[in-house]
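Student: Could you take me through one part of this model in detail, the surroundings of the ligand? I'd like one connected account rather than a list.

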Amino acid sequence: MMDQGAPSIMTVVDLKVGFGNTTVIDGLNFELREGEILGLIGPSGSGKSVSLRAIVGLLPTRGGDVSFAGQNYSGLSSSEQIVVRRDWGMLFQQGALFSSLNVVENIEFPMREHLDLSPRLRRELARMKLDLVGLPPEAAYSYPSQLLGGMIKRAALARALALDPKILFLDEPTAGLDPIGAGKFDELIVTLSDTLGLSVLMVTHDLDSLQTACDHIVALSGGKLLKAGTLSDMRAATDPWLREYFHGPRAHNPEG
Amino acid sequence: MQLSSSSWYCNGVKNSTESLMARFIELGATQGTGRVILCSGDWTAANARQLEHDIASLPLSPAERSQSSIDISALRRLDTAGAWVLTQLQRDGAGQATDFIGASPKHAALLSRINTYEPKALPPRHSLNPLLVPFSALGRIIVGIAQDIVAVNATLGHILVALAQTLTLRSPLRLASFVHQFEQIILRAIPIVALISLVVGAIITQQTILQLRNFGAAILIVDLAAILMFREIGVLLAAIMVAGRSGSAITAEIGSMRIREEFDALRVIGVDPYQALLLPRIAALIVGLPLLAFVGSMAGLLGAIIVGQAYGGIPMDTFVLRLRDAMSFTSVAVGLLKAPFMGFLIGLLASVEGMKVQGSSESLGRRTTTSVVKSIFVVIVADGVFAIFFAAIRF
Ligand SMILES: Nc1ncnc2c1ncn2[C@@H]1O[C@H](COP(=O)(O)OP(=O)(O)OP(=O)(O)O)[C@@H](O)[C@H]1O
Ligand SMILES: [Mg+2]
């Protein structure tokens with residue numbers, strides 16, 4: 001739930017990303033408001049993952065600005081960038097849990113790096129995060145290789161939440177989960193966003209996620225912004241791809 | 001920030017606000033039966049140490065604490081760490097939960113969510129009596145060796161069946177794959193094997209010449225080089241190089257194919273993965289290693305010739321003339337006979353380790369290392385066994 005006039009926490013202006021001779025993202029504009037869950041959709045290969053990686057600085061950009069809370073990220077010094085980055089959590093598609101650490105150690109890792117906490121409090125906080133994402137306490141000492149798909153996602157989410165981020169970046173969080181697990185994950189994101197006041201940017205192919213979790217949707221196509229708006233705006237769109245996407249056989253429309 | 005509780009009670013005048021040394025907590029007026037704990041400032045992870053300290057130095061007995069209430073109306077920022085510390089403060093008092101006063105809706109929502117978390121005692125981690133650790137480790141090693149023997153035999157059986165199937169033409173001859181592997185494993189290794197053998201041959205010859213010169217028998221270096229290079233150095237260096245270079249590659253390839261379920265895909269399609277993937281590699285090793293060993297031996301001999309000229313003053317034509325007598329068919333044969341066995345051992349161990357890779361990719365690195373270590377070890381041991389064997393049959 002977000003209030004309508006919430007200030008924007010992240011703005012992407014005219015973002016350009018390319019590899020070699022190809023330009024993958026060619027002028028992308030959108031903004032993420034405080035407390036909102038924004039869904040990023042688009043055909044396979046349209047550059048969703050690339051734009052996410054460019055926004056968090058994992059890929060070099062060819063132009064454009066990304067600003068957080070009004071500060072232009074690329075204009076900051078590297079120490080200021082680290083401060084800004086501590087307000088982010090990122091959930092990678094495969095979880096990206098550190099395989100040599102068990103689940104609590106994974107969650108404790110960012111805290112260990114960035115916070116001055118007593119070991120007892122750190123352990124308690126890690127276990128609380130585990131509970132927050134709905135993992136049983138027994139999972140605490142499991143290693144990533146012993147976890148199942150849904151649990152890996154949850155454990156990775158707990159790690160992404162370790163530093164109480166303001167913005168959460170999710171790359172296809174429900175891909176590879178069964179519908180029940182995916183539904184629970186969506187619910188979890190909404191609850192977390194409500195209680196912790198998180199702003200969420202999520203790349204997804206999952207129509208149900210868009211319906212249950214996302215406040216706004218940004219559609220990408222051919223490296224450009226196709227349309228931004230709410231779910232009903234998307235349903236009303238005339239663009240052939242959006243029509244196919246929201247009215248195709250996989251879409252269960254309320255209007256039937 | 002040290003605060004003794006005695007000083008507390010000296011200053012402590014009830015029904016008035018005491019100013020604490022603490023930054024985030026103040027004791028407020030008595031309300032009803034207990035005190036009011038006033039919380040203010042940013043209750044965030046960044047301040048967690050101070051928060052813990054403040055709470056620890058709160059001058060209230062457990063009984064008093066259970067009577068007190070917590071006022072958080074002056075709280076500015078609250079994150080999960082702060083909320084956790086706050087709920088701990090709330091629960092501290094004799095298990096009786098006190099109420100929060102003046103919580104903003106946002107803070108109240110977060111606090112009530114955190115409050116639902118009941119820390120449960122974790123199941124104790126399985127830990128071993130320290131005295132038993134060496135025995136446990138020894139047991140694991142023994143079981144590991146037994147499992148290895150089984151695994152090697154199982155893979156060997158599969159490969160022999162695949163070989164029989166191929167030789168009886170019941171499975172297709174995978175010539176393209178064989179040629180590709182032969183190029184990767186053998187042909188591309190020729191430069192490095194030649195170079196290393198040349199250098200090692202030169203070093204051994206140089207050291208030997210320096211000793212033989214004392215006896216005026218420098219010319220004997222030719223006999224030594226002929227026997228040593230062809231019997232031992234060429235084949236051993238080639239085998240070690242290939243074990244390091246291709247043993248690891250084979251394990252990594254097979255392992256990643258297993259992780260990505262390519263093995264299972266082959267089986268479902270009705271193709272024996274041992275026949276399609278392992279046999280071409282092992283065949284390339286068996287056929288190719290003698291070639292590499294021969295190249296290595298010749299390079300070692302070249303090294304000996306160069307050093308013989310430089311240090312022993314043995315001209316090239318003298319060297320070659322002497323070589324005609326010193327060189328025997330047996331020396332060459334011994335080297336070339338050993339090579340296929342070593343190639344087979346390298347391929348077998350690399351395959352066994354590759355097949356052990358399971359699930360996650362983290363085991364891949366470990367298996368690859370093990371594969372290289374084991375195959376180099378086995379190659380050297382095998383060489384020793386061959387040396388004893390050939391000596392026994394006077395070959
Ligand atoms: N490192 C790279 N080098 C070159 N091209 C790349 C690289 N990474 C991505 N691309 C290209 O960028 C384009 C967009 O890729 P991206 O992974 O962002 O797609 P996507 O929208 O996330 O698709 P999907 O829905 O399949 O995940 C693709 O055409 C891809 O080939
Ligand atoms: Mg993607």
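Tutor: Sorted by class, the shell around ligand 1 comes out as four nonpolar, six polar and two charged residues. Bear in mind that this is a predicted model. The nonpolar members are A:Phe19, A:Val24, A:Pro43 and A:Val50. On the polar side you have A:Ser44, A:Gly45, A:Ser46, A:Gly47, A:Ser49 and A:His205, with glycine counted as polar here. That leaves A:Lys48 and A:Glu172 as the charged pair.

Now for who supplies what. Helix 1 of chain A, residues 48-55, gives the largest share of the shell, three residues. Two residues of that helix also turn up in the polar contacts. In A:Lys48, a side-chain N or O atom sits 2.8 Å from an oxygen atom of ligand 1. With A:Val50 the backbone does the job: one of its N or O atoms is 2.9 Å from a ligand 1 oxygen. Away from that helix, A:His205 brings a side-chain N or O atom to 2.7 Å from an oxygen of ligand 1. As for cover, ligand 1 on its own would expose 630 Å², and the protein buries 55% of that.

Two of the shell residues, A:Phe19 and A:Val24, lead us straight into the sheet of chain A. A:Phe19 falls in strand 1, which spans residues 8-19, and A:Val24 falls in strand 2, which spans 22-33. The sheet itself is open, with four strands in the order 2-1-4-5 and antiparallel pairing. Strand 2 and strand 5 (71-72) are at its edges, and each has a single partner strand, so one side of each has no neighbour in the sheet. Further in, strand 1 pairs with strand 4 (residues 63-68) in the antiparallel sense, over five bridges. If you want a spot to look at in that pairing, find A:Lys16: its bridge partner in strand 4 is A:Gly63.

For contrast in strand direction, have a look at chain B. There, strand 2 (residues 34-43) and strand 3 (residues 69-78) run parallel and are joined by six bridges. B:Val36 stands opposite B:Ser69 of strand 3. Strand 3 also runs parallel to strand 4 (residues 100-101), this time with two bridges, and B:Asp71 faces B:Ile101 of strand 4. Chain B is split into domain 1 (25-115) and domain 2 (158-392), and the C-alpha centres of the two lie 72 Å apart.

Conventions. Residues are numbered from 1 along each chain as its sequence is written. Chains are lettered from A and ligands numbered from 1 in the order in which they are written. This is a predicted model: local features need pLDDT of at least 70, side-chain atom pairs count only at pLDDT 80 or more; totals for chains, interfaces and linings use all residues. Side-chain values use heavy atoms; hydrogens and water are left out. A residue is near a molecule or strand if one of its heavy atoms lies within 4 Å of it. A polar contact is a pair of N or O atoms within 3.5 Å; within protein, one must be able to donate a hydrogen and the other to accept it, and residues adjacent in sequence count only if both atoms are side-chain atoms. Accessible areas come from the Shrake-Rupley method with a 1.4 Å probe; for residues, only the protein chains shown count as cover. Domain bounds come from an automatic or database domain assignment. Two strands pair if DSSP finds at least two bridges between them.
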